[in-house]
Amino acid sequence: MAKQEPDSVVSDLIGFLNAAPTAFHAVDEAKKRLRSAGYEQVSEREDWKLEAGKKYFFTRNYSTIVAFAIGKKYVAGNGFHIVGAHTDSPCLKLKPVSKVAKGGYLEVGVQTYGGGLWHTWFDRDLTIAGRVIVREEKDGSVSYLHKLVRIEEPIMRIPTLAIHLDRDVRDAFKVNAQTHLLPVLATAVKAELNKVVAEDGEADNDILTSGEKSNEKTTSNALKHHSLLLQLLADQLGCEPEHISDFELQACDTQPSIIAGAAKEFVFSGRLDNLCMSFCSLKALVDATSSDSNLEDESGVRMVALFDHEEVGSDSAQGAGSPAMLNTLSRITHSFTTDSKLLEKAIQRSFLVSADMAHALHPNYMDKHEQNHQPKLHGGLVIKHNANQRYATNAVTALIFREIARNHSLPVQDFVVRNDMACGSTIGPILASGVGIRTVDVGAPQLSMHSIREMCAVDDVKYSYEHFKAFFQEFTRLDAKIKVDA
């Protein structure tokens, strides 16, 4: 396949980012791209009937997605070549009871998700997105449908306090996550003037009160969430507010992702950690399996696994700490054999690239990086090392990734955290220890990690995509040259 110019790859990333304000939307966008590329959806609830040379994917909770292409020369016991990333990012998620009314304002109760830089959420034009469970009744039968929702226009804001009322703010802007991070949805008076109507046609009295039940027909959701918010959701979904059974929603920035900078060398966007790596790995898999000939000589299985809940430890049914990865390897292997011993053999022949964004050197805080390990923007993927196993990289796994870079003239960098600073982690150590798979931890360098608005370099998007695609194409041949435990 012809080499793509960086602007086309980056433009595609921008489209992906703008389509994916939440993990649910990221999975939905990935699903659309996989289907367009000829991948067949399978269900974890059903038996799998897999064939060599075919391509498949499944979703779990609609926030985790796993896609794989089986080589035409694959036999049970052969390895899996995997790039793993995550779909979630730090954000503010709506509470189960989000209705807050005080001081004449309607506010939305939120809880912090992950380790966000919460001060960056102030004075941003916010909206909401996520998934809604909608109750539908047809021919006397009730069903509950999972629907994605996104309100495009700004509907909320978290205003900062004027400096005149907080003279010490210049010295320390301290955010109380419970009391300071409530987005303002509306004023009570304006909502009343706009005649937000309850089911019986009367003005919804809970707008002007603390939320007590105003009439017999008020739904339980109307007691938990502002009627104005429920109506906005219903309008977007094309249903009645009382048909909304439940939801998982989060606050989102409405400013779109863009290619920016005086030299158009940067990507300015939210959720680069880690949708940038999710996109690059997904696109690499799709392009490395775009025709039948791509899998003609492949004896392994090429795979991308995008997990939810990395930002909060991965301990969930759809996180990397779940049996999802091991179950997938097992089901694929056992689709081609009844010999249970071949799975262990396959795992030892497998390799995982744990792809999660890395910390680029910050020009205003250069002392935060170790002197000999200062990843730069435009410098290519960063191999992450940690002697205490916060990253899963070792000499062998790093060598494999470096050799792929060398073969394609791709730049690569190294990162080690300072000894006097705590080290973050990734899904790499979780999967390496839980599955027993060889792993290298890598990521594209970025600035402003965990801000509502992050930045990376367009060149590193291109390098990441090309590096991952080369990994899929060359790992089988390269691994045959590596002699360890012989």
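Which residue of β13 is the bridge partner of Phe68? In the predicted model considered here, that partner is Met303, and the strand to which Met303 belongs offers a convenient starting point for a description of the structure.

Strand β13 spans residues 301–307, and because 7 of its 7 residues are buried, each with under 20% relative accessible area, the strand is largely enclosed by the rest of the structure. In a regular strand, side chains alternate between the two faces of the sheet. In β13, Val301, Met303, Ala305 and Phe307 point one way, whereas Arg302, Val304 and Leu306 point the other way, and the residues of both sets are buried.

Two strands that pair with β13 may be described in turn. Strand β3, formed by residues 64–70, pairs with β13 in the antiparallel sense over 6 bridges. Strand β4, which covers residues 80–86, pairs with β13 in the parallel sense, over 7 bridges, and here the bridge partner of Phe80 in β13 is Val301. Both Val301 and Met303, the bridge partners of Phe80 and Phe68 respectively, belong to the set of β13 residues that point one way from the strand.

Turning to the pockets of the model, the largest has a volume of about 970 Å³. This pocket is lined by 38 residues, of which Asp273, His359, Gly424, Met449 and His450 are the closest to its centre. Helix α10 (427–435) and strand β19 (445–447) each supply at least two residues of the lining. By residue class, the lining of the largest pocket divides into 14 nonpolar, 17 polar and 7 charged residues.

Key
Residues are numbered from 1 along each chain as its sequence is written. This is a predicted model: local features need pLDDT of at least 70, side-chain atom pairs count only at pLDDT 80 or more; totals for chains, interfaces and linings use all residues. Side-chain values use heavy atoms; hydrogens and water are left out. Buried means under 20% relative accessible area, exposed over 50%, partly exposed in between (1.4 Å probe, protein chains only). Helices (H or I, at least four residues) and strands (E, at least two) are DSSP runs, numbered from the N terminus. Two strands pair if DSSP finds at least two bridges between them. On a 1 Å grid over the protein atoms alone, a cavity is a set of points where a 1.4 Å probe fits but cannot get out, and a pocket is an open set with protein on both sides within 12 Å along at least five of seven lines; lining residues have an atom within 4 Å of a point. Grid points are joined across faces, edges and corners, and a volume is the space filled by probe spheres set on the points. Ala, Val, Leu, Ile, Met, Phe, Trp, Tyr, Cys and Pro count as nonpolar, Asp, Glu, Lys and Arg as charged, and the others, Gly among them, as polar.
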